[in-house]
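Got a minute to go through a structure together? Here's a run of questions and answers to read alongside it.

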Amino acid sequence: MASFLPRGPLQTIERHILEQQKFHPEATGTLTGLLYDMALAGKIIGSHIQRAGLAEILGTTGEENVQGEEVQKLDVFAQRTIYRLNDHTGRLACMGSEEEPEIIAIPERFPQGKYVLLFDPLDGSSNIDSNVSVGTIFSIYRRVTTAGPGTNEDVLQPGNRIVASGYIIYGSSTMLVYSTGYGVHGFTLDPMIGEFLLSHPDIRVPEKPKYYSVNQSNEIHWSDGIQRFTRYMQGMDNGFKGLSARYIGSMVADFHRNLLQGGIFYYPADLRDPQKPTGKLRLLYECAPLAFIAENAGGYASNGRQRILDIQPTVLHQRVPLYIGNRSLVEKAEEFIRSYDTTTADQSKSHYSGSVISVVKTRLELLVFPGRSRVPAP
Ligand code: FDP
């Protein structure tokens with residue numbers, strides 16, 4: 001296998017992180033070390049994923065995680081890798097993982113540090129057995145308590161206090177994308193030399209969006225505003241020709257594609273289960289870290305009514321609806337929700353039956369008046 005080493009100056013992730021440190025005059029190098037260890041976690045997890053078929057490590061453990069989902073063997077491996085790289089360094093006060101019900105304490109025998117690390121060790125893991133791209137998402141906050149072991153207060157911080165966030169995507173190549181608030185930078189792992197090399201400096205969401213990404217099979221469970229916004233995305237509205245649909249069902253992969261190509265990814269509130277009316281995705285482990293990346297690349301993320309980064313979390317595994325990507329599209333979604341959803345995005349049961357009627361009505365209109373504009377813009 002040939003190394004893809006590009007012409008011109010080479011920049012390793014280590015050098016890049018060190019150079020970013022100059023934007024933070026107060027920096028001690030602790031954050032730099034933490035970020036570098038996340039890159040190392042990405043290499044270890046990525047190499048394990050590549051050998052997954054051979055090593056008989058695909059499939060489930062037979063257990064359920066805190067979300068009631070089946071735990072995949074690779075989820076467990078990724079979780080342990082990140083924990084073991086970070087439990088003893090003296091950089092962290094505690095950690096939080098999508099796979100763990102409570103915050104993860106730093107063992108007493110190790111020093112307690114000033115940062116908090118939150119992560120989703122392997123997002124999109126229901127796709128692992130089909131060889132679809134999956135990813136690791138992480139975010140780093142400063143602790144708010146002053147000493148001793150980290151507490152829930154340290155973890156339950158709004159995304160606008162994120163110090164750094166990023167993701168590693170295990171796809172046709174392994175890439176790490178991160179931001180410390182000074183641009184968004186992407187690195188591709190050269191498997192021949194085992195280094196992440198800068199391949200996508202200063203990523204900006206393209207002004208002209210290409211794709212909308214949503215699991216449209218859930219449409220009858222959405223509120224009127226979201227259904228109408230989706231028809232707008234499909235071009236069933238005067239003045240906007242619509243976008244092409246792309247949905248992998250693996251959030252990191254869907255987000256990454258839209259970050260590079262332009263578009264919107266959304267996972268609205270779903271009224272199928274009245275007990276879980278707030279959407280599927282987790283604020284702390286998925287939405288806030290990617291919102292930080294999106295905004296630093298010129299995009300925007302919202303729950304349909306509020307900026308994701310301004311939401312004050314109340315519980316560790318809080319779920320929120322998510323609209324993320326080009327600012328103009330996310331703001332358009334907010335506009336539809338404001339105009340057509342009179343209560344909150346997570347509506348009452350009575351609205352739910354209204355949603356089904358609305359879908360059927362639109363489908364009938366399509367049959368009777370093909371070609372007619374059906375969605376009045378808000
Ligand atoms: P998964 O359940 O496979 O871990 O966060 C969960 C997530 O994947 C996201 O990565 C993905 O975007 C979404 O769920 C897919 O959900 P649907 O199957 O409901 O579309």
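Buried here means under 20% relative accessible area, exposed means over 50%, and partly exposed is in between. Keep in mind that this is a predicted model.

Q: Is Tyr232 buried or exposed?
A: Tyr232 sits in helix α5, residues 224-233. The cut-off for buried is under 20% relative accessible area. Tyr232 has a relative accessible area of 10%, so the label is buried.

Q: Which residues does Tyr232 touch, not counting those up to four places away in sequence?
A: One partner is Gly242, ten residues away in sequence, with a C-alpha to C-alpha distance of 6.6 Å. With residues up to four places away not counted, the list for Tyr232 is Asp237, Phe240, Gly242, Lys332 and Phe336.

Q: How many helices and strands does the protein chain have, and what share of its residues is buried?
A: The protein chain has nine helices and 15 strands. It runs to 378 residues, and the buried share of them is 55%.

Q: Among contacts between residues at least 6 apart in sequence, what percentage join residues at least 24 apart?
A: A pair such as Met38 and Phe138 shows what this is about: they are 100 residues apart along the chain, with C-alpha atoms separated by 8.3 Å. Across the protein chain, among contacts between residues at least 6 apart, the share joining residues at least 24 apart is 65%.

Q: What is the relative accessibility of Met38, and which residues is Met38 in contact with beyond four places in sequence?
A: Met38 lies in helix α2. It counts as buried because its relative accessibility is 0%. Leaving aside neighbours within four places in sequence, Met38 is in contact with Ile82, Asn86, Leu117, Phe138, Ile168 and Leu176.

Q: Where do the buried residues of helix α1 fall, seen down its axis?
A: Helix α1 covers residues 13-20, and its buried residues are Ile13, His16, Ile17 and Gln20. Seen down the axis of α1, these fall within an arc of 95°, so they line one face of the helix. As for the spacing, an α-helix has 3.6 residues a turn, so residues three or four places apart point the same way. The answer for α1, then, is one face, within an arc of 95°.

Q: Which elements do the buried residues of α1 pack against?
A: The buried residues in question are Ile13, His16, Ile17 and Gln20. They pack against one helix segment, α2 (30-50), and against β8 (174-179), β9 (185-190) and β10 (195-200).

Q: How many of the residues of helix α7 are buried?
A: Helix α7 spans residues 283-296 and is largely enclosed by the rest of the structure. Just after α7 comes Gly298, with a positive phi of about 90°. Of the 14 residues in α7, the buried count is 13.

Q: What is the phi of Asn131, and what is the phi of Asp202?
A: Most residues other than glycine have a negative phi, and most peptide bonds are trans. Asn131, in the loop between β5 (115-123) and β6 (134-142), counts as exposed at 75% relative accessibility. Asp202, in the loop between β10 and β11 (211-213), counts as partly exposed at 46%. Both phi values are positive: Asn131 is near 65°, and Asp202 is near 45°.

Q: What distance separates the C-alpha atoms of Thr342 and Gly225?
A: Thr342 is found in the loop between α8 (327-340) and α9 (349-368), and counts as exposed at 75% relative accessibility. Thr342 and Gly225 are 117 residues apart along the chain, yet their C-alpha atoms are separated by 9.1 Å.

Q: Which of the 15 residues around the ligand come nearest?
A: The shell around the ligand divides into five nonpolar, six polar and four charged residues. Of the 15, those that come nearest are Asp123, Ser126, Tyr247, Tyr267 and Glu286.

Q: What percentage of the ligand's accessible area does the protein cover?
A: Start with the polar side chains: an oxygen atom of the ligand is 2.6 Å from an N or O atom in the side chain of Asp123. For Lys280 the corresponding distance is 2.9 Å, and for Arg282 it is 3.5 Å. On its own the ligand has 460 Å² of accessible area, and the share covered by the protein is 85%.

Definitions and conventions:
Residues numbered from 1 in each chain as written. Predicted model: local features only at pLDDT ≥ 70, side-chain atom pairs only at ≥ 80, totals over all residues. Heavy atoms only, no water. Buried < 20%, exposed > 50% of the residue type's maximum accessible area, 1.4 Å probe, protein only. Helix = DSSP H or I, 4+ residues; strand = E, 2+ residues; numbered from the N terminus. Arc of directions from axis to C-beta. Contact = heavy atoms within 4.5 Å. Near = heavy atom within 4 Å. Polar contact = N/O pair within 3.5 Å; in protein donor to acceptor, adjacent residues only side chain to side chain. Areas by Shrake-Rupley, 256 points an atom, 1.4 Å probe, with all protein chains shown as cover. Nonpolar A, V, L, I, M, F, W, Y, C, P; charged D, E, K, R; others polar.
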